[in-house]
Amino acid sequence: MAMVTRYSIQDEVGRFLTIAGSFAYDDEDAAEFWDEDEAIAELAAYPGCTVETYQRLSDFPDFTATPSIEKEAA
């Protein structure tokens, strides 16, 4: 396993932005961004929120030359 860096969006009371576009306290429901610029672009739709960086374990390490699956699907 490898440590990978991910980004999330949090509101002023510490709730996480979910994939559904709502906010929840449970970090398991948080929308996960692989790229900081992608998170910052999404942040524009949520005034008063911040982009937070965190690390988590992953079965697959990040490779900077490999595009994310989310971007390919878009």
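Hi everyone, let me start with one residue: F23 is partly exposed, with a relative accessible area of 24%. Keep in mind throughout that this is a predicted model.

Why start there? F23 belongs to the one aromatic pair that the structure holds. Its partner is Y46; the ring centres are 5.6 Å apart and the planes sit at 85 degrees, so we call the pair edge-to-face. On the cut-offs, planes over 60 degrees apart count as edge-to-face. F23 is in strand β3, residues 23-24, while Y46 is in the loop between α1 and β4, so the pair ties together parts that are 23 residues apart in sequence. And is Y46 buried or exposed? Y46 is buried, at a relative accessible area of 18%.

That brings us to the core, because Y46 has a relative accessible area of 18% and counts as buried. Which residues make up the largest nonpolar core? There are nine: Y7, I9, L17, A31, F33, A39, L43, Y46 and C49. Strand β1, residues 2-10, and helix α1 each supply at least two of these core residues.

If you'd like to click on one of the nine, try A39. Setting aside neighbours within four places in sequence, A39 is in contact with Y7, I9, F33 and V51. Now step over to E38, which is found in helix α1, residues 36-43. E38 has a relative accessibility of 27%, so E38 counts as partly exposed. From E38 to Y7 there are 31 residues in sequence, and the C-alpha atoms are 9.1 Å apart in space.

Next, the charges, which I suspect many of you were waiting for. Side chains of opposite charge can pair when their charged atoms come close. How many salt bridges does a search of the whole structure find? The search finds three.

Let me take the E32 bridges together. E32 meets R6 in a salt bridge, with an N to O distance of 3.5 Å. Here E32 is in the loop between β3 and α1, and R6 is in strand β1, so this pair ties together parts that are 26 residues apart in sequence. E32 also forms a salt bridge with R56, where the closest N and O atoms are 2.9 Å apart. R56 lies in strand β4 and E32 in that loop between β3 and α1, so this pair ties together parts that are 24 residues apart in sequence. Put together, R6, E32 and R56 are linked in a network of salt bridges.

How do these three residues sit with respect to solvent? R6 is buried, with a relative accessible area of 2%. E32 counts as partly exposed at 30% relative accessibility, and R56 is partly exposed at 30% too.

R6 has another partner to show you. The charged end of R6 sits over the ring of W34, 4.4 Å from the ring centre. So when you have R6 on screen, look for both E32, its salt-bridge partner, and the ring of W34.

The remaining salt bridge joins D11 and R15, at 2.6 Å from N to O. Which of the two is buried and which is partly exposed? D11 is buried, with a relative accessible area of 8%, whereas R15 is partly exposed at 27%.

That's my tour: the edge-to-face pair of F23 and Y46, the nine-residue core and the network of R6, E32 and R56. Thanks for listening, and I'm happy to go back to any of these on screen.

Technical notes: Residues numbered from 1 in each chain as written. Predicted model: local features only at pLDDT ≥ 70, side-chain atom pairs only at ≥ 80, totals over all residues. Heavy atoms only, no water. Helix = DSSP H or I, 4+ residues; strand = E, 2+ residues; numbered from the N terminus. Buried < 20%, exposed > 50% of the residue type's maximum accessible area, 1.4 Å probe, protein only. Core = buried A, V, L, I, M, F, W, Y, C linked by side-chain atoms within 4.5 Å. Contact = heavy atoms within 4.5 Å. Phe/Tyr/Trp six-rings, centres within 6.5 Å; stacked < 30°, edge-to-face > 60°. Lys NZ or Arg CZ within 6 Å of the ring centre and 35° of its normal. Salt bridge = Lys/Arg side-chain N within 4 Å of Asp/Glu carboxyl O.
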